[in-house]
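Subject: Structure handover

Hi,

Here is the structure I promised to pass on. My notes follow below it.

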Amino acid sequence: MRRAIFPGSFDPLTLGHSDIIKRGVTLFDELIIAIGINSEKKYMFSLAERKEFVEKEFENEPKIKVMTYKGLTVNFCKEVNADFILRGLRNPGDFEFEKAIAHTNRKLSEIETIFLLTASSTSYISSSIVRDVIQNGGDYSVLVPDSVKVK
Ligand code: ADP
């Protein structure tokens, strides 16, 4: 069974994440969207909201599961028996950052990180820009899947 996790904050889920998830799931038997809980980080959306956005968006895809986790990503992979970490690459900045993390994870475990390049149509989207648009009353709906709604 080829099981991968797609870790992130998903604060909130964007069309960029969604693109990576839809393309990534075709490579594995199961893809766990792993929402990280970091007590140091301030989130715009609660953990329950972030989880609900992802669950709702992929409710009809049986290969996709949604879980939350604390601590090291490689430890979570071992817990759920996942051999792969899926990540998206948007730009050289992402590459440099992801390279260091992937090398570290390889040092700590046998887990392989699989990178997908973003679709050109969503490569400029980031959760932080979406949060900025929301905070300033802009039309965020063009940047996120339908399941993401601000209450
Ligand atoms: P993190 O807190 O780890 O940065 P994110 O939720 O921002 O979490 O991102 C999770 C993953 O989604 C990362 O691999 C990131 O590169 C990828 N990602 C974020 N935005 C996009 C996008 N627009 N297109 C493709 N991948 C993206």
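How many nonpolar, polar and charged residues does the shell around the ligand have? It has five nonpolar, seven polar and four charged residues. Here Ala, Val, Leu, Ile, Met, Phe, Trp, Tyr, Cys and Pro count as nonpolar, Asp, Glu, Lys and Arg as charged, and the others, Gly among them, as polar.

This is a predicted model: local features need pLDDT of at least 70, side-chain atom pairs count only at pLDDT 80 or more, and totals for chains, interfaces and linings use all residues. Residues are numbered from 1 along each chain as its sequence is written, and side-chain values use heavy atoms, without hydrogens or water.

The ligand first. It is surrounded by 16 residues (a heavy atom within 4 Å). Ser9, Gly88, Thr118, Thr122 and Ile125 are the closest.

Three polar side chains reach ligand oxygen atoms (N or O pairs within 3.5 Å):
- Ser9, at 2.6 Å
- His17, at 3.1 Å
- Arg87, at 3.2 Å

On its own the ligand has 550 Å² of accessible area (Shrake-Rupley, 1.4 Å probe), and the protein covers 86% of that.

Now the pocket. The ligand takes up the space of the largest pocket (more than half of its atoms within 2 Å of the grid points). A pocket is an open set of points on a 1 Å grid over the protein atoms alone, where a 1.4 Å probe fits, with protein on both sides within 12 Å along at least five of seven lines; lining residues have an atom within 4 Å of a point. Its volume is about 1100 Å³ (the space filled by probe spheres set on the points). Of the 42 lining residues, Pro7, Gly8, Ser9, Arg87 and Glu98 are the closest to its centre.

Best wishes

Note on methods
A polar contact is a pair of N or O atoms within 3.5 Å; within protein, one must be able to donate a hydrogen and the other to accept it, and residues adjacent in sequence count only if both atoms are side-chain atoms.
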